[in-house]
Amino acid sequence: MNDMTPTREQREAKLEGMGCKRKRVEDARFTQGKGNYVDDLKLPGMLHGDFVRSPHAHARVKSINGEEALKVPGVLAVITAETLKTVNLAWMPTLAGDVQMVLADGKVLFQNQEVAFVVATDRYAADDGINKVVVEYEPLPPLIDPFKAMDADAPVLREDLAGKTTGAHGPRKHHNHIFEWTVGDKDLTDAAFKKADVTIKEMISYHRTHPSPLETCQCVCSFDKIKGELSIWGTFQAPHVIRTVVALIAKIPEHKIHVISPDVGGGFGNKVGAYPGYICAAVASIVTGKPVKWVEDRIENLTATSFARDYHMTTEIASTKDGKVTGLRVHVLADHGAFDACADPSKWPAGFFNIVTGSYDFPVAHLSVDGIYTNKAPGGVAYRCSFRVTEAAYCIERGMDILAQKLGMDPAELRLRNFIKAEQFPYHSALGWEYDSGDYHTAMKKMMETVDYAGLRKEQAAQRAAFKRGETREIMGLGVSFFTEIVGAGPSKNCDILGIAMFDSCEIRLHPTGAGIARVGTKSTGQGHETTWAQIIATEIGIPADDIMVEEGNTDTAPYGLGTYGSRSTPVAGAAIAMAARKIKAKAQMIAAYRLEVHEGDLEWDIDGFRVKGLPEKSMSMKDICWAAYNSVPPGMEPGLEAVSYYDPPNMTYPFGAYICVMNIDVDTGVYKIRRFYALDDCGTRINPMIIEGQVHGGLTEAFAIAMGQEIRYDDDGNVVTGSFMDFFMPTAVETPHWETDFTVTPSPHHPIGAKGVGESPNVGGVPAFSNAVNDAFSFLGSTHIQMPHDYWRNWRAAKNLGVFA
Ligand code: CDP
């Protein structure tokens with residue numbers, strides 16, 4: 001080895017593979033305003049569509065008159081349900097097995113529901129046209145309170161379902177009932193409650209909120225009449241699924257549909273489903289023969305596209321008197337709005353809510369969920385969470401704190417006493433999951449030591465005493481949260497969308513000079529896939545990450561995949577990437593053996609190539625193997641170096657984390673101060689620690705927003721009262737606390753590189769940490785549970801209700 005020969009460390013560093021804090025390659029364009037988003041697209045002759053929307057939450061539509069609108073200069077068409085009926089598209093299927101009106105058909109069922117679609121030469125003309133469409137409504141009584149949905153005299157919302165006693169998920173109990181879903185052993189659970197020393201019961205609501213990505217939902221549809229081909233550029237988290245849905249409902253052959261997701265400015269679940277805007281833009285393009293663009297504004301996004309949460313969870317825990325949990329019973333009233341348009345895998349009407357036993361060793365549990373219709377926007381998407389996991393984590397983490405309070409035990413101590421132990425993995429939960437790996441005690445203890453938990457509790461005791469002596473008006477709360485996520489939907493044995501198994505895919509093609517392209521079935525909406533996917537390949541096959549281009553989002557070029565949501569990208573597509581890379585490596589080994597004139601078994605992998613065992617100077621780099629793949633492969637072998645993998649995971653992955661929030665609240669104003677927030681995450685093998693940290697910061701900021709103020713709220717008439725960023729809490733850098741992050745590493749035993757997802761963990765674990773901090777602060781004044789969101793006014797009201805001003 002001469003001085004110029006790179007060391008092993010230098011060779012490894014050059015790859016920028018897994019574990020490296022590689023800078024995000026996509027940021028070069030994002031930070032310079034050079035991203036290419038749907039609204040940047042301008043096609044020749046492109047038209048613009050916009051919606052007439054309902055001012056009422058529930059009304060009969062007596063007539064729609066577009067005559068005056070058509071007189072507005074530039075307005076070309078006013079599309080209504082009657083127009084859509086001619087092409088059988090007035091209603092569309094939802095991912096949850098329900099149907100949804102594309103445009104109001106006889107009735108409107110929520111405020112801002114789409115009533116007519118005005119097509120014009122520009123957006124301004126379309127807007128002017130909207131104001132000239134005359135719609136005659138006959139208001140009907142709105143149903144807003146989910147707890148009244150199944151009253152005998154509740155208004156009938158879905159007249160189209162009259163007489164239907166069965167829905168996509170079984171029997172319906174009432175005209176506003178969608179489904180009942182039960183899991184677990186009821187008898188054993190009831191018996192555990194009968195025997196219990198201590199029980200708690202609390203109705204814990206997770207309010208309605210919205211993913212509100214920076215870029216709203218939008219598309220451009222362009223139908224080529226000559227070729228019979230439809231091209232759709234859209235903000236899609238799952239472009240392949242959109243293509244299949246369009247093929248099924250528009251009856252256009254799937255190979256004649258081109259779906260392209262260009263750069264997408266955040267998704268968070270909002271961009272998984274299909275919306276009326278997509279259908280109307282496609283129909284308008286087919287009718288006019290011109291490209292048609294539809295772009296939502298902020299109010300439309302918040303009030304009409306998919307909401308999240310709205311779960312009302314009656315939670316009961318049984319325990320021994322020394323704090324060992326013996327049973328969990330949860331009933332959920334799930335408010336799905338006007339149509340059941342939840343984006344869950346088909347067989348899971350309440351998503352993966354049955355992860356609600358959390359990180360604790362419950363011997364028995366029982367869960368029942370009733371889904372109901374109300375006069376609110378449809379949706380129920382996984383807002384930065386894996387299909388209702390965040391509701392489940394909130395439910396159990398509040399429940400454990402309430403139990404600790406009743407037992408007079410420290411909440412951290414109660415958790416430590418009930419954690420699933422490291423040696424119990426793989427662990428079978430009472431509600432049917434097999435947790436792959438975990439070391440909860442280590443994570444919790446690391447958190448407690450780092451923040452000096454015992455010291456904080458002492459400080460809190462002193463503060464409480466001072467409050468009682470009248471020396472301070474501030475109360476202090478410690479919000480402990482320990483969550484287990486379930487991500488990586490998913491195994492074909494239990495996860496599909498519209499009958500398509502939820503695998504994911506990767507195709508890698510290496511070029512002669514040792515560079516290549518990887519195409520993946522996922523679609524980054526800001527998570528940095530272009531950076532991290534190349535890092536997996538770099539480690540697996542020794543080609544520097546900089547020499548691998550990653551491409552996603554084009555259904556013509558990417559292999560079929562189910563897209564990005566529910567932190568599934570790393571658990572599923574990340575595995576497909578590693579498997580495709582391993583196929584390439586296997587072929588590369590044969591080529592190297594042939595060229596080095598040894599048997600394949602005589603070769604060993606060495607960072608960026610193969611070397612002959614015992615003869616390290618006899619080696620061939622991956623770069624040289626790429627060249628050889630195109631000119632001197634072994635006889636009988638096909639030239640080229642490429643591979644594709646469709647990966648069907650054997651199980652989900654179960655990331656976890658220990659979080660704590662330290663908060664002070666001024667009882668006179670309700671103003672809170674987040675003094676400290678510490679988040680320890682375990683997502684198994686870490687691909688890019690810097691990106692993980694960014695994901696955690698983003699997720700915690702969303703958790704902070706949701707817990708402390710963000711809400712889609714309706715008044716009694718069904719008007720959305722938080723329909724713009726004036727009212728819907730969107731934290732800026734000013735409000736956002738400082739985040740401390742930490743980690744442990746417990747690899748997934750079944751994932752090829754041991755990685756679990758991370759993007760959603762901070763939202764799942766963060767919300768209970770904030771809420772537990774507020775509740776812990778008020779608990780010594782006699783409070784058991786205060787519902788979210790915990791904005792200043794509600795904190796002040798809580799203090800008032802607890803007699804602080806008496
Ligand atoms: O599906 P989504 O991309 O939203 O979530 P994810 O799989 O949790 O990945 C989010 C980002 O974090 C991606 O860029 C991943 O590659 C990265 N990540 C990582 O570096 N290491 C992990 N163990 C998990 C995710």
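**View 1: The ligand and its polar partners.** A polar contact is a pair of N or O atoms within 3.5 Å; inside the protein, one atom must be able to donate a hydrogen and the other to accept it, and residues adjacent in sequence count only if both atoms are side-chain atoms. Keep in mind that this is a predicted model: local features need pLDDT of at least 70, side-chain atom pairs count only at pLDDT 80 or more, and totals for chains, interfaces and linings use all residues. Residues are numbered from 1 along each chain as its sequence is written, and side-chain values use heavy atoms, with hydrogens and water left out. Around the ligand sit 24 residues (with a heavy atom within 4 Å of it). Gln527, His529, Ser569, Thr570 and Val758 come nearest. In the side chain of Ser569, an N or O atom is 2.6 Å from an oxygen atom of the ligand. Backbone atoms join in too: a polar one of Thr685 lies 2.7 Å from a ligand nitrogen, and one of Ile687 lies 3.1 Å from a ligand nitrogen.

**View 2: Helix α10 crosses helix α11.** Here you're looking at α10 (residues 389-407) and α11, two DSSP runs (H or I, at least four residues, for helices; E, at least two, for strands), numbered from the N terminus. Their axes come within 9 Å and cross at roughly 110°, where axes are lines fitted to C-alpha atoms over the stretch in contact and angles run from 0 to 180 degrees between N-to-C directions. The pair is therefore roughly perpendicular (65 to 115 degrees; under 35 is roughly parallel, over 145 roughly antiparallel, the rest oblique). The crossing of α10 and α11 is right-handed (near helix turned clockwise from the far one by less than a right angle; anticlockwise is left-handed). From α10, look for Glu397, Met400, Asp401, Leu403, Ala404 and Leu407; they touch Pro411, Leu414, Arg415 and Asn418 of α11 (heavy atoms within 4.5 Å). Sorted by class, that's 6 nonpolar, 1 polar and 3 charged residues (Ala, Val, Leu, Ile, Met, Phe, Trp, Tyr, Cys and Pro are nonpolar; Asp, Glu, Lys and Arg charged; the others, Gly among them, polar).

**View 3: Helix α11 packs against helix α12.** Move on to α11 (residues 411-418) beside α12 (residues 440-451): their axes are 10 Å apart, at an angle of about 160°. So α11 runs roughly antiparallel to α12. The crossing of α11 past α12 is left-handed. Ala412, Arg415 and Leu416 of α11 meet His441, Met444, Lys445 and Met448 of α12. This contact has 4 nonpolar, 1 polar and 2 charged residues.

**View 4: Helix α15 meets helix α16.** At roughly 80°, α15 (residues 569-596) crosses α16 (residues 622-629), and the two axes come within 10 Å. That angle makes α15 roughly perpendicular to α16. Ile584, Ala588, Ile591, Ala592 and Arg595 of α15 touch Met622, Ile625, Ala628 and Ala629 of α16. Count by class and you get 8 nonpolar, no polar and 1 charged residues.

**View 5: Backbone details in three loops.** Phe425 and Pro426 are joined by a cis peptide bond, with omega about -5°. You'll find Pro426 in the loop between α11 and β21 (427-428). Met788 and Pro789 also share a cis peptide bond, with omega about -10°. Pro789 belongs to the loop between α18 (761-779) and α19 (792-801). Over at Ser212, phi is near 35°, a positive value in a residue other than glycine. Ser212 sits in the loop between β12 (198-209) and β13 (218-224).
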